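Open the model in your viewer and keep the sequence panel visible. The tour goes from the whole chain to single residues, one selection at a time.

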Amino acid sequence: MPRKKPATVLAGSPSPSSAPTVADPIEHVVVLMMENRSFDHMLGGLQAVIPQVDGVLNVMQANADKDGAAYLPTEITTTRFRHDPMHYHPNVMFQLDGPQGPNRNFVLDFSRQYPDSSRQEREQIMGYYPVGYLPALHGLAQAFTICDRWFSSLPGPTIPNRLFMHAGTSQGHVKLPPPPWSFTYNPMTVFQRLDQRGISWKKYVSDQTTTMFLKYKRFDFDSLDDFFDDAAGPSSEFPAYCFVEPQHEPAYFPHDRGDGVFVDPSRPANNDHPRVSDIMDGERFIARVYNAIRGNEALWNSTVLVVLFDEHGGFHDHVPPPADAAPPDPAAPPITTDYPHNLPGQFLFRFERLGVRVPALLISPWVARAVDHTRYDHTSVLKYLADKWGLGDLGSRVAAATSFAHVIHAAGPQRTDTPRFLDVPSGEAPLSDHGRTLVAFSPDSAVGSRCGRIGTQLLP
């Protein structure tokens, strides 16, 4: 077997306003945004085989729990977790800037939130996966470009970070929208700008989508089945931009997978959430998306697939996020946040602090096998799209963001050595007779196209 070519190091980037110097071969941009994992947790162990990666092997600063026990990054093979590490804004600010110093409060936050947690469970907060244990993510990381300075857009939970992905702002919000879940944001979105330019786009979702919180075309989305059908069709009919969302929330009835978490067997397994998902469900989903694009040669030859995670999910990462980001809404007042766990103290937040570093890969026959140290956040995708298609103003955060166009233009000739297929073994739990009956009578199996086809309860 031939030896792999060493990874290239991309240490910098052109200025955000720099124009490409060669023709852009990319006609389709596919963004697959997974959920709730940090860079160190998922990709930090790759430093063992790709020394250029800023990973966990040289991390010497321990995190201590509430009882003073110290924890360093440790190799784990746990794929499901009993507790959901906290990732709300006050907790993330505490993890980053709490009493033990920068990025040294992850275990402290977890142990205060879950005082009955075991030492092993606290070790998992510092845990990272060994090389090759995640067959899809690690396989793609070793074949394409790893971005090891990609930060979530704010220190907070899923929905505000995903809103930055679509609009470059969360309009001053750092929390989940309040009940009754009918709250809608009304910023200018990338979808509006694409429509104005006559550029095709689609949102592909499974059960529900955070784009429902955006007022613009909130119910204009397609199912994941549509994605795989479209990817198998003519590349000329595939959308120029598409956003793919995995299954986010399981239904807690009627099938028990054996650890007290009930999931609806008529729907796909939750793909990536630590509390209710097996991490291998996410691996299978990533592989399926890649295989669909890679299996259509014409589509593959004209596509960049961006695989990234919305936020860190409470897991440790050792790189302090930058604190000089452009506020998306400069006139908005700062947010004062109390310490969590009823501890005395407050944080002042002005949307200048990025969130925790997350896994991010650029995948295409036009990118090198490389490690890119350029600083990005989720609005870097919008910056790339805005520069590429002349989309116009998407706010001050996007204007100040760095595009990843230089990664594509630095790749040289189209590669012919990319993996043709990712194989992730099935690990789904068998269904009971009752579960199989429910699948057979599930209304999801007969749901039509568009929003009704998703099989989810739509917002008012």
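## The whole chain

Of the 460 residues of the protein, 58% count as buried. The model is a predicted one. Colour it by secondary structure: there are 15 helices and 19 strands. Now show the surface. Its accessible area is about 18100 Å², and carbon and sulfur atoms account for 53% of that. Among contacts with a separation of 6 or more, 77% are between residues 24 or more positions apart.

## Stop 1: helix H2

Select residues 89-97, which form helix H2. Is this helix mostly covered or mostly open? Seven of its nine residues are buried, so it is mostly covered. The buried ones are His 89, Asn 91, Val 92, Met 93, Phe 94, Gln 95 and Leu 96. To see part of what covers them, add helix H3 (106-113), strand E15 (335-338) and strand E16 to the selection.

## Stop 2: Arg 353

Next, select Arg 353, in the loop between strand E16 (346-349) and strand E17 (360-363). Is Arg 353 buried or exposed? Its relative accessibility is 13%, and because the limit for buried is under 20%, Arg 353 counts as buried.

Display the side chains around Arg 353. Its side chain makes a polar contact of 2.7 Å with the side chain of Asp 97. A polar atom of the Arg 353 side chain also lies 3.1 Å from the backbone oxygen of Pro 321. Leaving aside residues up to four places away in sequence, Arg 353 touches Leu 96, Asp 97, Ser 153, Leu 154, Pro 155, Pro 321, Pro 322 and Ala 323.

## Stop 3: strand E9 and its partners

Select residues 201-205, strand E9. Four of the five residues are buried. Then add strand E11 (residues 241-244), which runs parallel to E9 and is joined to it by four bridges. Strand E10 (residues 222-223) is also parallel to E9, with two bridges between them.

Which residues stand across from Tyr 204 in these two strands? In E11 it is Val 244, and in E10 the bridge partner of Tyr 204 is Asp 222.

## Stop 4: salt bridges

The whole structure holds 20 salt bridges. Begin in helix H9 (residues 279-294), where Asp 281 and Arg 284 are three residues apart, which means that about one helical turn separates them. Their side chains meet in a salt bridge of 2.8 Å, N to O. Asp 281 and Arg 284 are both buried.

Move to Arg 294 and Glu 297, whose side chains form a salt bridge at 3.3 Å, N to O. Arg 294 is buried, with a relative accessible area of 4%, whereas Glu 297 is partly exposed, at 36%.

Then select Asp 317 and Arg 357. The closest N and O atoms of this salt bridge are 3.0 Å apart. The pair links distant parts of the chain, 40 residues apart: Asp 317 is in the loop between strand E14 (303-309) and E15, and Arg 357 is in the loop between E16 and E17. Asp 317 is buried, at 0% relative accessibility, and Arg 357 is buried at 0% as well.

For the last selection, take Asp 65, Lys 66, Asp 67 and Arg 122, which are linked in a network of salt bridges.

Terms used
Residues numbered from 1 in each chain as written. Predicted model: local features only at pLDDT ≥ 70, side-chain atom pairs only at ≥ 80, totals over all residues. Heavy atoms only, no water. Buried < 20%, exposed > 50% of the residue type's maximum accessible area, 1.4 Å probe, protein only. Polar contact = N/O pair within 3.5 Å; in protein donor to acceptor, adjacent residues only side chain to side chain. Contact = heavy atoms within 4.5 Å. Pairing = 2+ DSSP bridges. Areas by Shrake-Rupley, 256 points an atom, 1.4 Å probe, with all protein chains shown as cover. Salt bridge = Lys/Arg side-chain N within 4 Å of Asp/Glu carboxyl O.
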